[in-house]
Amino acid sequence: MVMIETVSLDSAASFVDLLMPNNPAWEGAPWIFRGHGDSRYDLLPSMERWDHGMERFAWEPYLLSSVRARLEQVYEGKSYIPFAEAAETHTTIDFTQRLVRAGLQAWGSERFVRDVMVPAGHDTEAFYRMQSNESAYGRLPLVAMAQHYGLPTRLLDWSRNALVAAYFAVNERLSDAGSEVCVWAFNTDAIINFAGVDLVSLPAFGYNNMLSQEGLFTRVNSQWVVSTDNSDNQHLDKAVAAHWNAKPTVSTAFRKLLLPGSQAAKCWLLLHQLRVSAYRLFPGHSGVVQTQKERLAAIAALGHGVPD
């Protein structure tokens with residue numbers, strides 16, 4: 001038994017072959033996949049990578065200081081204080097307000113949307129209640145929507161399709177082949193009966209990109225990290241390891257598939273031939289244009305032209 005199995009591939013062809021949905025390597029378990037353009041990247045969500053996300057946003061100064069002070073008081077002496085959770089709540093409130101004012105659909109609970117549109121949404125105590133009681137306020141669909149459109153959150157994007165993950169990995173290396181790319185595979189049976197990690201799926205209606213990408217999310221529970229008194233557990237693999245080491249439910253929780261960056265352009269072209277490209281993953285005009293640009297970058301990286 002091994003928590004993380006590392007597999008190194010030398011060629012784009014062998015990489016794609018291993019990631020094909022019908023490959024026996026993925027049979028018998030609910031695997032999900034995530035692509036990294038640099039194999040050194042951690043399984044850490046964007047909000048946790050942004051210095052807790054807080055200073056990067058134009059919070060009203062009184063709210064920033066008051067929320068920080070409140071959290072430091074509540075979690076005094078802990079190695080991990082959930083500043084990122086507070087930043088995520090604020091981001092979601094601001095995102096929801098802007099959606100409503102723009103006349104766009106806000107996919108969240110009516111209670112959350114209603115409360116953030118009144119002055120109480122700016123009150124420190126009201127804010128703290130919305131952060132502390134996520135299930136009652138039902139903000140998770142809006143958090144996922146914010147993540148899907150590019151705002152930093154505590155969610156990590158995954159796909160049920162390994163080839164989609166491979167696309168996102170190699171796409172980052174079309175113009176810079178210096179680093180290994182990787183696809184993480186996560187056997188979600190590893191978190192059965194584990195409260196430390198949430199698996200988040202949303203209805204496809206209203207999320208065209210998510211539907212095309214077969215997307216879903218994971219999120220490490222901040223309160224569980226606090227309870228472990230180990231700030232490293234905000235990393236998904238470390239959180240899963242804490243559970244797996246105590247009571248392993250699967251023989252392998254993660255596989256990390258590595259490919260030299262020099263093979264990224266060839267891999268992109270193989271995926272394109274399988275119709276795993278931006279025009280399929282981002283339906284619409286922008287996806288078509290993005291595919292054209294990426295194809296030119298892949299051709300330039302290989303130094304020759306290729307057929308469609």
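**Figure 1. Surroundings of helix α13 in the predicted model.** The buried residues of α13 are covered by elements that include α1 (12-19), α9, β7, α14 and α15. In this predicted model, α13 is largely enclosed by the rest of the structure, because 7 of its 10 residues are buried. These buried positions are A264, A265, C267, W268, L269, L271 and H272. Immediately after the helix comes R275, with a positive phi of about 65 degrees.

**Figure 2. The loop that follows α13.** R275 belongs to the loop that runs between α13 (264-273) and α14 (278-281). Its phi value, near 65 degrees, is positive although the residue is not glycine. Is R275 buried or exposed? R275 is exposed, because its relative accessible area of 52% lies over the 50% limit.

**Figure 3. Helix α8 and its cover.** Of the 9 residues in α8, 7 are buried, and the helix is thus mostly covered. The buried stretch consists of L142, V143, A144, M145, A146, Q147 and H148. Among the elements that cover these residues are α2, α4 (83-101), α5 (110-116), β3, α10 and β6. Just beyond the helix, G150 adopts a positive phi of about 110 degrees.

**Figure 4. The largest pocket.** The space within the largest pocket amounts to about 750 Å³. Its lining is made up of 33 residues, and those nearest the centre are R34, G35, Q147, D157 and F168. Two or more lining residues come from each of β2 (31-36), α2 (46-49), α8 (140-148), β3 (156-159), α9, α10 and β6. By residue class, the lining comprises 16 nonpolar, 12 polar and 5 charged residues. Q147, one of the residues nearest the pocket centre, is also among the buried residues of α8.

**Figure 5. An edge-to-face pair between α9 and a distant loop.** The model contains 8 aromatic pairs. In one of them, F168 and F282 meet edge-to-face, with 6.1 Å from centre to centre and 85 degrees between the planes. This pair links distant parts of the chain, since F168 is in helix α9 (residues 162-171) and F282 is in the loop between α14 and α15 (285-302), 114 residues apart. F168 is partly exposed, because its relative accessible area of 28% falls between the limits of 20% and 50%. F168 also appears in the pocket lining, as one of the residues nearest the centre of the largest pocket.

**Figure 6. A stacked pair between strands β4 and β7.** F186 and F254 form a stacked aromatic pair, in which the ring centres are 4.7 Å apart and the planes differ by 15 degrees. The two residues connect distant parts of the chain: F186 is in strand β4 (residues 181-187) and F254 in strand β7 (residues 254-259), 68 residues apart. F186 counts as buried because its relative accessibility is 0%. F254 is likewise buried, with a relative accessible area of 0%. W158, W184, F186 and F254 together form one aromatic cluster.

**Figure 7. Contacts of W224 in helix α11.** W224 is a residue of helix α11 (residues 222-228). Why does W224 count as buried? The relative accessibility of W224 is 16%, and therefore under the 20% limit for a buried residue. Apart from neighbours within four places in sequence, W224 is in contact with F194, G196, N233, A239 and A242. The C-alpha atoms of W224 and V197 are separated by 8.6 Å, with these positions 27 residues apart along the chain counted as their separation.

**Figure 8. The turn from α10 into β6.** E214 is placed in the loop between α10 (208-213) and β6 (215-220). Its phi is near 55 degrees, a positive value in a residue other than glycine. E214 is partly exposed, with a relative accessible area of 34%. Both α10 and β6, the elements on either side of this loop, give two or more residues to the lining of the largest pocket.

**Figure 9. The whole chain, for orientation.** The protein chain has 15 helices and 7 strands. Of its 308 residues, 51% are buried. Among contacts with a separation of 6 or more, 76% join residues 24 or more positions apart. The accessible surface of the chain is about 14300 Å², and carbon and sulfur atoms account for 52% of this area.

Terms used
Residues are numbered from 1 along each chain as its sequence is written. This is a predicted model: local features need pLDDT of at least 70, side-chain atom pairs count only at pLDDT 80 or more; totals for chains, interfaces and linings use all residues. Side-chain values use heavy atoms; hydrogens and water are left out. Helices (H or I, at least four residues) and strands (E, at least two) are DSSP runs, numbered from the N terminus. Buried means under 20% relative accessible area, exposed over 50%, partly exposed in between (1.4 Å probe, protein chains only). Rings of Phe, Tyr and Trp (its six-membered ring) pair if their centres lie within 6.5 Å; planes under 30 degrees apart count as stacked, over 60 as edge-to-face and the rest as tilted. On a 1 Å grid over the protein atoms alone, a cavity is a set of points where a 1.4 Å probe fits but cannot get out, and a pocket is an open set with protein on both sides within 12 Å along at least five of seven lines; lining residues have an atom within 4 Å of a point. Grid points are joined across faces, edges and corners, and a volume is the space filled by probe spheres set on the points. Ala, Val, Leu, Ile, Met, Phe, Trp, Tyr, Cys and Pro count as nonpolar, Asp, Glu, Lys and Arg as charged, and the others, Gly among them, as polar. Contact means heavy atoms within 4.5 Å. Accessible areas come from the Shrake-Rupley method with a 1.4 Å probe; for residues, only the protein chains shown count as cover.
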